[in-house]
Amino acid sequence: MLATIPTYAEPTPPAVSPYARRIEEYVHSLGWSLGLTETEGGRERLEAGYGNFVAWTYPEASFRDLCLCAEWLFFTFILDDLHTLKVYDAPEAWVPVHRRLMDIITNGKDPAPPRERTPFTKALTNLSIRTRERLSPGLRGRLNRHLDLFFQGFAEESENRFRGTPPGIDSFTHTRRLSVGMEFGFDLVELSQRVEVPQDIYETSLFREIVEAASDVVAWQNDLHSLHLDKQRGDFHNVVIVMQHADGMSFQEAVDVTVAKVQERVADFLAAEERLVPFLTGRGVPRGACEDILRVTAGMRQWTNGCLHWYRNTTRYAIPTTPGELDQQHDHLQVLLPSLDDVPRQSCG
């Protein structure tokens, strides 16, 4: 399947951080501090190479900034797994978790009583404080908003699972843009490069076109790569499965259409990026600022190609071989947040 996934022509091969080995060791130590090494499932997840992932996606970052990027990506991978546990996979169960996470991220304080604070929530609190110190108020606010949307995507997926049927393609595309989390992932490109896209540029229709096209490319590439696992789990939040259901396509037809859709969105991104220089010049943006913004869009392409490279080496999307392991794959994560004894635990299936 990897050979069929389209992507940007450059950079080929993608750049990699000189700190690749150090950052992988850093993520392992972080996983140990959170208690993930205390279970077999946690130890297996740590072997997925999350440090290598950020080494490929943020190659220009200083080691200090790469640590911030690694923590954010590692924590959001954990939360992506966590929200699919039955105990959290209902809108009414996820809402208080979402609210607590955003309180921590926005305020740098955990609103839960001390007895309910865990190494994970303490580490997230610390990360939020260190990130706030590193970013301008504008970029910090944007990052926080995008993390909020990411968690909203989880809630929408839970609602779909509760209904038991795949969403339509338009609804799916909206939700998938949220749950893939690329808006905050691309915000971290700016952090890693020590540049910032001005808010009045970021909010223009042209730059939004670039961000949305790049997000769709990453989301649908991921869907193609994880398709075997999604089918095994019975999770219909995959563009191939959604199109099969909506349009009555065969499996292979849906795969072929998805490949074409990725190619189209790559072309959309490149066409919008080509229009960026005359657009910025026409708005009187200084040459240095134009170059910084183009570095960010180049960083989006690098991120995407680096992620594809990581797919070739990670065990994150491997299908468990032990009977029953698939249903219990993320059970080790329940220690990261306190129990939800006071929250209804209706499963979304």
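**Crossing of H9 and H15**

I looked up the handedness of the crossing between H9 and H15 and found a right-handed one (clockwise turn of the near helix from the far one by less than a right angle; anticlockwise would be left-handed). The model is predicted, with pLDDT of at least 70 needed for local features and 80 or more for side-chain atom pairs, while totals for chains, interfaces and linings use all residues. Residues are numbered from 1 along each chain as its sequence is written, and side-chain values use heavy atoms, without hydrogens and water.

I noted that the axes of H9 (residues 182-193) and H15 (residues 287-311) come within 9 Å and cross at roughly 120 degrees. Axes are lines fitted to C-alpha atoms over the stretch in contact, with angles from 0 to 180 degrees between N-to-C directions. H9 and H15 are therefore oblique to each other (not under 35, over 145, or 65 to 115 degrees).

I listed the contact (heavy atoms within 4.5 Å): H9 gives Met182, Gly185, Phe186, Val189, Glu190 and Gln193, and H15 gives Arg295, Val296, Gly299, Met300 and Trp303.

**Helix H1**

Helices here are DSSP runs of H or I, at least four residues, numbered from the N terminus. I checked which residues of H1 are buried (under 20% relative accessible area, 1.4 Å probe, protein chains only): Ala20, Ile23, Glu24, Val27, Leu30, Gly31 and Leu34. They cover an arc of only 120 degrees around the axis (directions from the axis to the C-beta atoms), which puts them on the same side of H1.

I found exposed residues (over 50%) Arg21, Glu25 and Trp32 on the face turned away from the buried side of H1. Just after H1, Gly35 has a positive phi of about 95 degrees.

How values were computed
Helices (H or I, at least four residues) and strands (E, at least two) are DSSP runs, numbered from the N terminus.
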